[in-house]
Every structure is written in structure tokens, then in C-alpha cells.
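Here are some notes to read alongside the structure, written for someone meeting it for the first time. Take the points in order, and keep the view open as you go.

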2 protein chains.
Amino acid sequence: MGVTRTEIFTQEQNELAQMMKALAHPARIAIIQQLLKSQSCICGDLVDEIGLAQATISQHLRELKAVGIIKGTIEGTSVCYCINEEVWKHYSKTFGELFKSFVEGKSCC
Amino acid sequence: MGVTRTEIFTQEQNELAQMMKALAHPARIAIIQQLLKSQSCICGDLVDEIGLAQATISQHLRELKAVGIIKGTIEGTSVCYCINEEVWKHYSKTFGELFKSFVEGKSCC
DNA sequence: TTTATATATCGCAATATTACGATTAATTAT
DNA sequence: ATAATTAATCGTAATATTGCGATATATAAA
């Protein structure tokens, strides 16, 4: 009990859920929004702009990196993060397909 | 420690995160997919098709209902669930806007 | 009224997430 | 070499989520 039973779901369902989960925290949304605006992509700037501890931001960055949605490049003593275009497009397409699969007026109640 | 610090984020960021969270579980994705296919929308059928206990499915249904993405109608002794069109469109639009705000080739690393 | 059926809720155990201080590791500047 | 700077990781506490059996609730059938 207490563990998500991924084995009973399809790969697609698990992947969709994982994608959603990666963005299911306001700090991670904030990070993504910053990177989309594409000004400061330096980790330290993200720490300043979002009001969480450095360790916490680093943890959120790791989660986003784990699903591939961002990538980081070391620049001297700091790290520059940005959106991984390829993965971002994949997310965009997958989410888009889910939402467009809704057929207007088909609701039964 | 251990509580999401919603107070330091914008309403938009919190709302986006909450929307993602509602769909951040394969069982809830599976439920939504079933309702999109719009055959069996009866709770009991969902329990049969997804392999989780009745209590667990009921809990996931409650979470989806809590964010308004589905609605349930009592039909005799059973309950018919379906997508809430209005809320679904709102989700679709909000997610769409986030993803289309990505500017091609702007990544700095 | 009694019984059967369907769903929601309660209570609990297992696990996961969030946050942060402290520390480590790696690079740059002195 | 040493100190300063930046980010990752460790360890831990607080809280949230997941799953399910048991029970409650509500309607329908007998």
C-alpha cells in the first residue's frame, strides 16, 4: 500500500502522468516560466527570483532535468539551464493530443 | 518544512501546478481517457477496467471532481461521471498557452 | 420492511514529496 | 596554494499521497 501501481497502467498513461508530475509544483512552473522568458537561466538567479533555498531549487532543477525537459550547461562556476527544445515539443504534442481528443457535446451527463 | 510554499508564487503558477497535479497519476489519466472515449462512465465500470480497489478509484474520482475537471450524476444506485466541458476547455487553453509560449531557437545553451 | 447493489468515507500503513541547513565538489580569483 | 563563489548532494523533519479493508450511506429490488 502507498505505492503507485504503475504495472497495471499502459506505458502511455504512466508517461503522461510523469510528465504532468514534473510540472505539478509551482516552483517548477516558475522555473519553466523563467526559462521560457529566457532571461536569467543561471541557477543562482533562479534562486534569487523564486524565494526558495538554494538546495530546494537545485532539487527542483534535478527533477526537471530527470524528465529531460531542461538541460544545464556548466559555465565557469555557475550553471546555465534552459529548455530542451526536443523534449518540450514532445510534451507539447502529447498534451495537445490528449486535450484535442475531447469530442464536443459527447458528455453523457 | 515539507509544505509547498504557495504564498510565494503567483496565482497563475499555483493554478497551473494544481491542474498538472490533478492529472499527475496514471489512474487519473486512465479515468480521463475512459471518459474521453465516453463509453462506460459508470463508476463501477471504471473500477472494473482499471485494476484498483473501489475505494481507491473513488478517491481519484474525488480529486478530479475537486478541480472541476469531471462531474458526476447520480443514476439510481450508480453514478455516471463525465468530463466537465467548460473546465476541460479551460485546461486545454491554459496548457496550450504555456506550451506555445516557447520561442524556437531562443535557448541559450 | 428487508435485502441487494453501488458508491463514498474513515482509518491506517507504506511511501513519496517538499523544504532547508550543512556539507561537499568544482571552478575561478587572489 | 589559498580563498571565494557556485551548485549539487546528504540528512532529516514535516507533510502529502497512495492504496485498501471496513464501514457508512443511499437507492432499488424483492
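Before the points, one cut-off: a residue is called buried under 20% relative accessible area, exposed over 50%, and partly exposed in between. Lys89(B), with a relative accessible area of 39%, is therefore partly exposed. Please also keep in mind that this is a predicted model.

1. Start where the two protein chains meet. Chain A and chain B each bring 48 residues to the contact. About 4,300 Å² is buried between chain A and chain B, and carbon and sulfur atoms give 70% of that area. Which three residues supply more than any others of the area that chain A buries against chain B? They are Phe99(A), Phe102(A) and Cys109(A), with 16% of that area.

2. Next, look at the polar side of this interface. Ten residue pairs are in polar contact across the interface of chain A and chain B. On chain A, the elements that give two or more residues to the side touching chain B are helix H1 (11-22), H2, strand S1 (70-75), strand S2 (78-83) and helix H5 (85-100). The largest share, eight residues, comes from H5(A). By class, that side of chain A has 27 nonpolar, twelve polar and nine charged residues.

3. Between chain A and chain B there are two salt bridges. In one, Lys89(A) meets Glu104(B) at 2.8 Å, N to O. This pair runs from helix H5 of chain A to the segment after helix H5 (85-100) of chain B. Lys89(A) counts as partly exposed at 38% relative accessibility, while Glu104(B) is exposed at 53%.

4. Now find Lys89(B) again. Its salt-bridge partner is Glu104(A), and the closest N and O atoms are 2.8 Å apart. This pair also crosses between chains, from helix H5 of chain B to the segment after H5 of chain A. Glu104(A) counts as exposed, with 52% relative accessibility.

5. Over all chains, the count comes to six salt bridges. One of them joins the side chains of Arg28(A) and Glu63(A), at 3.3 Å from N to O. Arg28(A) lies in helix H2 of chain A and Glu63(A) in helix H4 of chain A, so the pair ties together parts that are 35 residues apart in sequence. Is Arg28(A) buried or exposed? Arg28(A) is buried, at 6% relative accessible area, and Glu63(A) is partly exposed at 36%.

6. Chain B has an Arg28 to visit as well. Arg28(B) sits in helix H2 (residues 26-37) of chain B and counts as buried at 6% relative accessibility. A polar atom of the Arg28(B) side chain lies 3.1 Å from the backbone oxygen of Lys21(B). Residues that Arg28(B) touches include His60(B), Glu63(B) and Leu64(B).

7. Finally, turn to DNA strand C. Of the 31 residues around the strand, His60(A), Gly2(B), Gln54(B), Thr77(B) and Tyr81(B) come nearest. They belong to a surface of eleven nonpolar, 14 polar and six charged residues. Among the strand's atoms within 4 Å of the protein, 70% belong to sugar or phosphate. Phosphate oxygens of DNA strand C lie 3.1 Å from a side-chain N or O atom of Lys21(A) and 3.2 Å from one of His25(A). A polar side-chain atom of Thr77(B) is 2.7 Å from a sugar or linking oxygen of the strand.

Key: Residues numbered from 1 in each chain as written. Chains lettered and ligands numbered in written order. Predicted model: local features only at pLDDT ≥ 70, side-chain atom pairs only at ≥ 80, totals over all residues. Heavy atoms only, no water. Near = heavy atom within 4 Å. Polar contact = N/O pair within 3.5 Å; in protein donor to acceptor, adjacent residues only side chain to side chain. Nonpolar A, V, L, I, M, F, W, Y, C, P; charged D, E, K, R; others polar. Helix = DSSP H or I, 4+ residues; strand = E, 2+ residues; numbered from the N terminus. Buried < 20%, exposed > 50% of the residue type's maximum accessible area, 1.4 Å probe, protein only. Contact = heavy atoms within 4.5 Å. Buried area = accessible area lost by both parts, 1.4 Å probe. Salt bridge = Lys/Arg side-chain N within 4 Å of Asp/Glu carboxyl O. Lists of a residue's contacts leave out its neighbours within four places in sequence.
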